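Please examine the structure shown below. The paragraphs that follow lead from its charges and overall form to one of its sheets.

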Amino acid sequence: MIEIRGIEKNYGKLRVLDDVSTTIEKGKITSFIGPNGAGKSTLLSVVSRLVNQDRGQVLIEGRSLTDWDSDELAKKVSILRQSNHMNVRLTIRELVSFGRFPHSKGRLTKEDKDFIDRAIEYMKLEDIQHKYLDQLSGGQRQRAYIAMVISQDTDYILLDEPLNNLDMKHAVEIMRMLKKLVRDLDKTIAIVIHDINFASCYSDRVVAMKDGRLMEEGETDKIINSHSLGQIYDMDFQVTRMNNMNLCVYF
């Protein structure tokens with residue numbers, strides 16, 4: 001489990017995170033929802049130690065984030081950020097191989113190559129694995145980056161808006177794949193997501209944020225309701241129960 005305790009982050013006079021405390025429970029998908037500027041992406045960056053908080057503490061399995069060695073942290077927690085730009089020309093397979101660096105230090109073993117193969121297969125990229133990233137569509141490139149994170153084989157996977165640039169088919173495939181990773185490989189996933197219905201259908205828990213603060217958290221059905229969503233997004237929602245899931249209409 002990852003425990004987030006009283007996290008505060010400021011950029012100058014702007015407070016981006018304001019005393020945020022929550023948990024990312026082991027073996028579950030936790031979705032972070034909320035309007036733009038809520039602090040969701042910054043919080044994931046703090047948890048992965050890409051950004052230092054001004055106050056508060058993050059504990060990974062009871063151990064303070066500051067006590068983790070960089071190499072062992074990279075084998076425990078992986079993150080895919082919103083913007084991924086590389087100046088070098090890489091194939092999909094070469095990119096996915098980077099996910100093994102914490103384990104191989106650049107000298108790939110047979111075990112590393114097996115992880116790479118499985119990640120490419122998970123993301124249905126086998127037929128185009130030798131294509132260069134600049135030859136891909138936005139959706140194909142996004143799937144390649146997710147495959148890189150999968151190949152890292154960490155217990156905790158943090159994904160910041162991974163459905164960007166994806167059509168409906170591939171978005172559904174990725175969310176199903178994330179469920180499979182949790183179910184079959186006991187991974188723990190935290191995801192920043194804007195599509196409320198994807199959060200509702202695939203999450204075990206939802207953490208709702210607004211203006212840098214935690215608004216509500218809990219099991220999905222507790223948060224995905226007209227009243228809670230209305231307070232979070234300042235707009236009207238109609239929530240319908242279908243196939244044991246809450247689906248939102250907000251157009």
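**Charge, form and a four-stranded sheet**

The protein chain carries 36 positive and 37 negative side chains, and the centres of these two sets are 3 Å apart. Lys and Arg are counted as positive and Asp and Glu as negative, without His and the chain ends; each charge is placed at NZ of Lys, CZ of Arg, CG of Asp or CD of Glu. The model is predicted, so that local features need pLDDT of at least 70 and side-chain atom pairs count only at pLDDT 80 or more, while totals for chains, interfaces and linings use all residues. Residues are numbered from 1 along each chain as its sequence is written, and side-chain values use heavy atoms, with hydrogens and water left out.

A compact globule of 251 residues would have a radius of gyration near 18 Å, and the protein chain agrees because its value is 18 Å; the radius is taken over C-alpha atoms, and the globule rule is 2.2 Å times the number of residues to the power 0.38. Of the 251 residues, 49% are buried, that is, under 20% relative accessible area with a 1.4 Å probe, protein chains only.

The protein chain contains ten helices and twelve strands, defined as DSSP runs numbered from the N terminus (helices H or I, at least four residues; strands E, at least two). Four strands form an open sheet in the order β2-β1-β4-β5, with antiparallel pairing. Its edge strands, β2 (14-24) and β5 (63-64), each pair on one side only; pairing requires at least two DSSP bridges between two strands. Within this sheet, β1 (residues 2-11) and β4 (residues 55-60) are joined in the antiparallel sense over five bridges, and Glu8 stands opposite Arg55 in β4.

Conventions:
Buried means under 20% relative accessible area, exposed over 50%, partly exposed in between (1.4 Å probe, protein chains only).
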